[in-house]
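Welcome! Here are some exercises to work through with the structure beside you, each followed by a worked solution.

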Amino acid sequence: MSSKLIESRAAKWGLLVSFVAVFALMSGLYLPGCSQNPTTSSDLNLSQDETNFFELPFDESALAKKVTDPTVDVEIALGEGLVTVDGGGVIEVGTKHLFTVAPMSVYTNTLISAEITRIEEDGIVTAIYEFGPHGTVFSLPAVLQIDAKTLFDKGTKSINFYYLNEQTNLWELQGQYPVDDNGYAHVPVYHFSKYGASR
């Protein structure tokens, strides 16, 4: 094989490798915030006896069954509000959550809905967040204010916040967020997916 042919093939492979590297980098930046301050599940300090809902693949029918189980303590909070391009907006969801969208964060005036399901089973609290319209993306992150000491308990110092990766149907940890002196955690939301929170 001539040296020119070898050099030509090497150049093509080098170009392909460069393209793949750039694609991988851009894919990592496509959904900013979903992997913001990522933390592995081993960092969550769970005891071996404790079951973490977010370590399992998401199962809509199992969640529906749990919500209707009379032995499980369930609270559902709903909220809705218009968010405008120029003014943003604030949506109250029950007494434990406030969702704030900054001005110039949406591309068109949008009616946003929120449903938050709090499940307590065997002393473990899980919160599931469903926002609409599905697929909404914010140019500036919205902020979900969670009354963590009421949602979980007064000893809560930080919360783990997850998003559902719809490609894999697995929960991924967005980050751990501290609870301030007033009992609130402030979580950035970059786009609408299904989310969840635990201690």
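## Exercise 1: a salt bridge between distant parts

Asp 153 and Arg 199 form a salt bridge, with their closest N and O atoms 2.7 Å apart. A salt bridge here is a side-chain nitrogen of Lys or Arg within 4 Å of a carboxyl oxygen of Asp or Glu. This is a predicted model, in which local features need pLDDT of at least 70 and side-chain atom pairs count only at pLDDT 80 or more, while totals for chains, interfaces and linings use all residues. Residues are numbered from 1 along each chain as its sequence is written, and side-chain values use heavy atoms, leaving out hydrogens and water.

**Task.** Find where Asp 153 and Arg 199 lie in the chain, and say how Asp 153 is classed by accessibility.

**Solution.**
- Step 1: Asp 153 sits in the loop between α3 (148–151) and β7 (158–165), and Arg 199 in the segment after β10, so the pair links distant parts of the chain, 46 residues apart. Helices (H or I, at least four residues) and strands (E, at least two) are DSSP runs, numbered from the N terminus.
- Step 2: Asp 153 counts as partly exposed because its relative accessibility is 30%. Arg 199 is also partly exposed, at 45%. Buried means under 20% relative accessible area, exposed over 50%, and partly exposed in between (1.4 Å probe, protein chains only).

## Exercise 2: another pair, and a network

**Task.** Is Lys 194 buried or exposed? Which residues share a network of salt bridges with Arg 118?

**Solution.**
- Step 1: Glu 60 forms a salt bridge with Lys 194, the closest N and O atoms being 3.8 Å apart. Glu 60 is in helix α2 (residues 60–68) and Lys 194 in strand β10 (residues 194–198), 134 residues apart.
- Step 2: Lys 194 is buried, at 9% relative accessibility, whereas Glu 60 is partly exposed at 47%.
- Step 3: Arg 118 is linked with Asp 73, Glu 75, Lys 96 and Glu 120 in a network of salt bridges. The side chains of Arg 118 and Glu 120 meet at 3.3 Å, N to O.
- Step 4: Arg 118 is buried at 7%, and Glu 120 is partly exposed at 28%.

## Exercise 3: the open sheet

**Task.** Which strands stand at the edges of the sheet, and why does each have a side without a neighbour?

**Solution.**
- Step 1: An open sheet of 4 strands runs in the order β2-β3-β6-β9, with antiparallel pairing. Two strands pair if DSSP finds at least two bridges between them.
- Step 2: β2 (89–93) and β9 (184–191) are at the edges; each has a single partner strand, so one side is left without a neighbour in the sheet.
- Step 3: Strand β6 (residues 137–147) pairs with β9 over 7 bridges, and Val 143 stands opposite Pro 188 in β9.
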